[in-house]
Amino acid sequence: MHHDDSWGPLPPRPAFSLLIRFVLTVLLLPLWWALLVVLFLCFIAFALVAEIFTIIPGFEKGFLSLIDKFGDNVAVWPAWCVTLPELRHEGDAAFYRARVDQRIGSWTSKELAAQKAKKAPPPGPHDIPVRAYRGVGAGYVVEAARAQGWELSHDHPSDPLHMVRLRRLPVAA
């Protein structure tokens, strides 16, 4: 399907490097989350004060655009962090296969439940970050997704070294 090597499994990272990144994650991730909470509270405080400036044409739209860009570019789980399961299962293809299958299965069950209830499906995009599939590769994500009625998103292209973006195939009525 994909002839580019970037769609295959990523090579295992050195154990010592992973251990250092895990220790840094344990030490720095709580500080990162605290910083995110403080920034969020600053946005809210500024929004309350900036209510005065809504009389300026375009101010509200610009402020909302800023908040959207902030939310899109700031990760709750930064790329530098390594969790304990990642530390323990680095290079274990079965672990990553189960992770991908569980995530896609969860999305599929939510989509099917919404169809059955005749409600709108959960909003997308449905992204799978590299930390969920690094041991099996992005190609496996696409194969597993196709088996459950998903395909690569055409609205937002995937970057197999960072994230795979999926969308649900339309269901024939």
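Buried means under 20% relative accessible area, exposed over 50%, and partly exposed in between, using a 1.4 Å probe and protein chains only. The model is predicted, so local features need pLDDT of at least 70 and side-chain atom pairs count only at pLDDT 80 or more, while totals for chains, interfaces and linings use all residues. Residues are numbered from 1 along each chain as its sequence is written, and side-chain values use heavy atoms, with hydrogens and water left out.

**Exercise 1. Find where Lys118 lies, classify its accessibility and describe its phi.**

Step 1: Lys118 sits in the loop between helix 4 and strand 1; helices (H or I, at least four residues) and strands (E, at least two) are DSSP runs, numbered from the N terminus.
Step 2: With a relative accessible area of 76%, Lys118 is exposed.
Step 3: The phi of Lys118 is positive, near 55 degrees, in a residue other than glycine. As background, most residues other than glycine have a negative phi.
Step 4: For another positive phi, look at Gly149, which follows helix 6 and has a value near 90 degrees.

**Exercise 2. Describe how helix 1 and helix 2 pack, and list the residues that meet.**

Step 1: Helix 1 spans residues 15-50 and helix 2 spans residues 59-73.
Step 2: Their axes are 12 Å apart, at an angle of about 175 degrees. Axes are lines fitted to C-alpha atoms, for helices over the stretch in contact, and angles run from 0 to 180 degrees between N-to-C directions.
Step 3: Helix 1 is therefore roughly antiparallel to helix 2 (under 35 degrees counts as roughly parallel, over 145 as roughly antiparallel, 65 to 115 as roughly perpendicular and the rest as oblique).
Step 4: From helix 1, Leu36, Leu39, Phe43, Phe46, Ala47 and Ala50 meet Phe59, Phe63, Leu66, Ile67 and Phe70 of helix 2; contact means heavy atoms within 4.5 Å.
Step 5: Sorted by class, the contact of helix 1 with helix 2 has 11 nonpolar, no polar and no charged residues (Ala, Val, Leu, Ile, Met, Phe, Trp, Tyr, Cys and Pro count as nonpolar, Asp, Glu, Lys and Arg as charged, and the others, Gly among them, as polar).

**Exercise 3. Which residues touch the most other members of the largest nonpolar core, and which element supplies its largest share?**

Step 1: A nonpolar core is a set of buried Ala, Val, Leu, Ile, Met, Phe, Trp, Tyr and Cys residues joined through side-chain atoms within 4.5 Å.
Step 2: The largest such core has 21 residues, and Val100, Ile104, Ile128, Tyr133, Val141, Val164 and Leu166 touch the most other members.
Step 3: At least two residues each come from helix 4 (93-116), helix 5 (130-133), helix 6 (138-147), strand 2 (150-152) and strand 3 (163-168).
Step 4: Helix 6 supplies the largest share, 6 residues.
Step 5: Take Val141 as an example: leaving aside neighbours within four places in sequence, Val141 is in contact with Val100, Ile104, Ile128, Tyr133, Val164 and Leu166.

**Exercise 4. How many residues of helix 6 are buried, and what covers them?**

Step 1: Of the 10 residues in helix 6, 7 are buried, so the helix is mostly covered.
Step 2: The buried ones are Ala138, Gly139, Tyr140, Val141, Val142, Ala144 and Ala145.
Step 3: Their cover includes helix 4, strand 1 (126-129), helix 5, strand 2 and strand 3.

**Exercise 5. Place Thr25 and Trp80, and say whether each is buried or partly exposed.**

Step 1: Thr25 belongs to helix 1 and is buried, at 6% relative accessibility.
Step 2: Not counting residues up to four places away in sequence, Thr25 touches Pro30, Trp80, Cys81 and Val82.
Step 3: Trp80 lies in the loop between helix 2 and helix 3 and is partly exposed, at 33%.
Step 4: With the same sequence exclusion, Trp80 touches Arg21, Leu24, Thr25, Leu28 and Leu29.
Step 5: For a distance, take Thr54: Trp80 and Thr54 are 26 residues apart in sequence and 39 Å apart in space, C-alpha to C-alpha.

**Exercise 6. Count the disulfides, then classify Cys42 and Cys81 by accessibility.**

Step 1: A disulfide is a pair of cysteine sulfur atoms within 2.5 Å.
Step 2: This rule gives 0 disulfides.
Step 3: Cys42 is partly exposed, at 46% relative accessible area, whereas Cys81 is buried, at 1%.
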